[in-house]
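Subject: The structure we talked about

Hello,

Here is the structure I promised to pass on. Please have a look at it first, and then read on for what turned up.

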Amino acid sequence: MRGIQGTSNKTYRQLMGNGLRYEIPKFQRDYTWDTEQWDDLWQDLKALMSNEDEEHYMGYLVLQTSNNKEFQIIDGQQRLTTMSILILSTLKCLNDLVDSNIDPESNQLRKNNLLNSYIGYIDPVTLISNNKLKLNRNSNDYYKQHLVLLKDLPLRNTNTSEKHMRECFNWYYDRIKKEYKTGEELAGFVDNIVDKLFFTVIEVTDQLNAFKVFETLNARGVQLSSSDLLKNHLFSVVDETQPHISEIEELENIWSKIVGKLGEQKFEDYLRYYWNSISKSVGKKNLFKTIKSSIKTKQEVFGLIRNLNDTADIFLAIQNPEDDLWRDKPEIQKALRELKLFQIRQTYSLFMSGYRNLTSEGFSKLTKTCSIISLRYNIIGGLNPNAQEDVYNAVALRIESQKKFSASDFQSIYVQDNSFENDFSTKEFKNTTRNHKIVKYLLAKIEIYEYNSEIDVDSDLFTIEHILPENADEEWGEFSFDEINRSRFRIGNLTLLEKKLNREAAQKSFAEKCKLFEKSQSKLTNSIPTKFSTWDEAKIASRQRQLAKHAKAIWKIQELSN
């Protein structure tokens, strides 16, 4: 990939040698590892020391450099910080031996050698440390003035990152002191692990190339913190203006609120949906490049961050039909439930723009329109969602600028009646949990349309009955093997049936099933015996064509239908 200077595997000893320096960008994430991660690493180190394992892989490091001597840590700061604190804990144990006058000269020499090799140089006069690793703005002073100097660690007036570092130091110190009693053992511990811990190091020339690396590795299942890179860029834009400390604190505060609101939602996903609600659609791969070229001033950064904070609640609410935002808006709630059932995400940017700029009635119409389009286009049609997303982006921008939309804006992705009816007439739904819910929804809607009889699709009372059994053999009815495979998952072969009756129906013949269908509270089901005296592939097709006619009338946008 262009922009990558090199990719190599390096041991921890190689990383820390030859005068190399590492810096965590000042606005990168704070130190957050806790007991679970510390213990995982400790168990791996114990396996190395007992020779159970010959080496241990520590994962990817993404480093940015222009001179191959000084590196910014784009990804890997938690691991490198932990390794540095672990070694400092070992040095503290050596220092204890010196203070206890146990082989003081040798242990002081061991301590100094390890310090110079893996931590840095301390000026003997000023006691100012020149460290191989520089942490971010919330952590470096504590690391430099307390941890590296092996001083007593303050308990009060510390931030969250400092608290985690203190606890990490004490956690490893307690275990190392218990495990290794002599200076030789302590030095041997460090000397052993630095050659057996190795990383895959990716060196890049700038942040844009680092972001491309993130996207490439994330696509391969290696989850890296590209949101940290986005944050670092935005905060650096403000930092270049030499802001008052209160401005950076305000940014940190708003950023933390956004991340806190999103919870497990990926920040990059949210940012892309937000960006596409106000600007021309951009994909994941070009998101960072686009933002970097668009957000260049302090005012633009604050504007973006504040808008992201304000819109985060909307982003979460459009994914959750039960959100308090929709408590008194049953039509919106209904449409959002349908879209959630359909697992549609392409509407997110459009809905963020719509909620910000439309009246409640306008937004309700928008959600209902998208639900009908999604049923025709995605669920029944199975068409390419990329074209759909382009249309939604265009409508979002129109709403953003004109505060309105019309049904005709969606004409190109509205599946016309003939096509929809034909698609519905041949549609199959394999037996999956999601499909089970969708079929219940479809049949319940047709039930109320044809018979004005309401079925609660969220209730467990009704299940989906395969009239021709899903596992039928050629002895069941007038079906060949090929006809069974063509017919069993078609909508025309599916009906609503109470759970108890469904269990009784099982593999019974059509005639026996009809006796059970007559007992059903679903009129769609108990009408089957009066409409069909036998059950074969032609009857299934006939029933499905009738269902398709109903579906065409139910899921319809009058202005768009031909």
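Let me begin with Arg-272, which is buried, with a relative accessible area of 13%. Please keep in mind that this is a predicted model.

Arg-272 has two contacts worth a look. Its side chain forms a salt bridge with Glu-389, and the closest N and O atoms are 3.4 Å apart. Arg-272 belongs to helix α11 (residues 267–278) and Glu-389 to helix α17 (residues 385–402), so this salt bridge ties together parts that are 117 residues apart in sequence. The charged end of Arg-272 also sits over the ring of Tyr-273, 5.2 Å from its centre. A similar arrangement involves Lys-427: its charged end sits over the ring of Phe-429, 5.5 Å from the centre.

**Other salt bridges**

In total, the structure holds 26 salt bridges. One of them joins the side chains of Glu-203 and Lys-10, at 3.7 Å from N to O. Here the partners come from two strands, Glu-203 from β8 (residues 197–204) and Lys-10 from β1 (residues 4–11), so the bridge ties together parts that are 193 residues apart in sequence. What about the surroundings of each partner? Glu-203 counts as buried, at 10% relative accessibility, whereas Lys-10 is partly exposed, with a relative accessible area of 23%. The limit that matters here is 20%, because buried means a relative accessible area under that value.

Glu-421 and Lys-549 are another such pair, and their side chains meet at 3.2 Å, N to O. This bridge links distant parts of the chain: Glu-421 is in helix α18 (residues 417–426) and Lys-549 in helix α25, 128 residues apart. Glu-421 is buried, at 13% relative accessibility, while Lys-549 is partly exposed, with a relative accessible area of 44%. There is also a network to find: Arg-13, Asp-191 and Asp-195 are joined by salt bridges that share partners.

**Aromatic rings**

If you like aromatic side chains, there is plenty to look up, as the structure holds 27 aromatic pairs. In one of them, the rings of Phe-342 and Tyr-441 have their centres 5.6 Å apart and their planes at 70 degrees, so this pair is edge-to-face. The pair links distant parts of the chain, with Phe-342 in helix α14 (residues 330–342) and Tyr-441 in helix α19 (residues 433–451), 99 residues apart. Both of these residues, Phe-342 and Tyr-441, are buried.

Phe-510 and Trp-535 form a stacked pair, with 5.5 Å from centre to centre and 10 degrees between the planes. Phe-510 lies in helix α22, and Trp-535 in the loop between α24 (528–531) and α25 (537–554), so the two rings tie together parts that are 25 residues apart in sequence. Phe-510 and Trp-535 are buried as well.

For a good view, try selecting Trp-38, Trp-42, Trp-171, Tyr-172, Tyr-180 and Phe-189, which ring pairs link into a cluster.

**Cysteines**

How many disulfides does the structure hold? The number is 0. A disulfide is a covalent bond between the sulfur atoms of two cysteines. Take Cys-168 as an example: the closest cysteine sulfur belongs to Cys-93 and is 13 Å away, which is too far for a bond. Cys-168 is buried, with a relative accessible area of 0%. Cys-370 also counts as buried, at 0% relative accessibility.

**Two backbone spots**

Most residues other than glycine have a negative phi, and most peptide bonds are trans. With that in mind, where do positive phi values turn up? One place is Asp-103, a residue other than glycine whose phi is near 45 degrees. Asp-103 is in the loop between α3 (77–99) and α4 (104–118), and at 38% relative accessibility it counts as partly exposed.

Ala-506 is another case, with a positive phi near 40 degrees. Its place is the loop between α21 (499–505) and α22 (510–517). Ala-506 counts as partly exposed too, at 39% relative accessibility.

Happy browsing, and best wishes!

Terms used:
Residues numbered from 1 in each chain as written. Predicted model: local features only at pLDDT ≥ 70, side-chain atom pairs only at ≥ 80, totals over all residues. Heavy atoms only, no water. Helix = DSSP H or I, 4+ residues; strand = E, 2+ residues; numbered from the N terminus. Buried < 20%, exposed > 50% of the residue type's maximum accessible area, 1.4 Å probe, protein only. Disulfide = S-S within 2.5 Å. Phe/Tyr/Trp six-rings, centres within 6.5 Å; stacked < 30°, edge-to-face > 60°. Lys NZ or Arg CZ within 6 Å of the ring centre and 35° of its normal. Salt bridge = Lys/Arg side-chain N within 4 Å of Asp/Glu carboxyl O.
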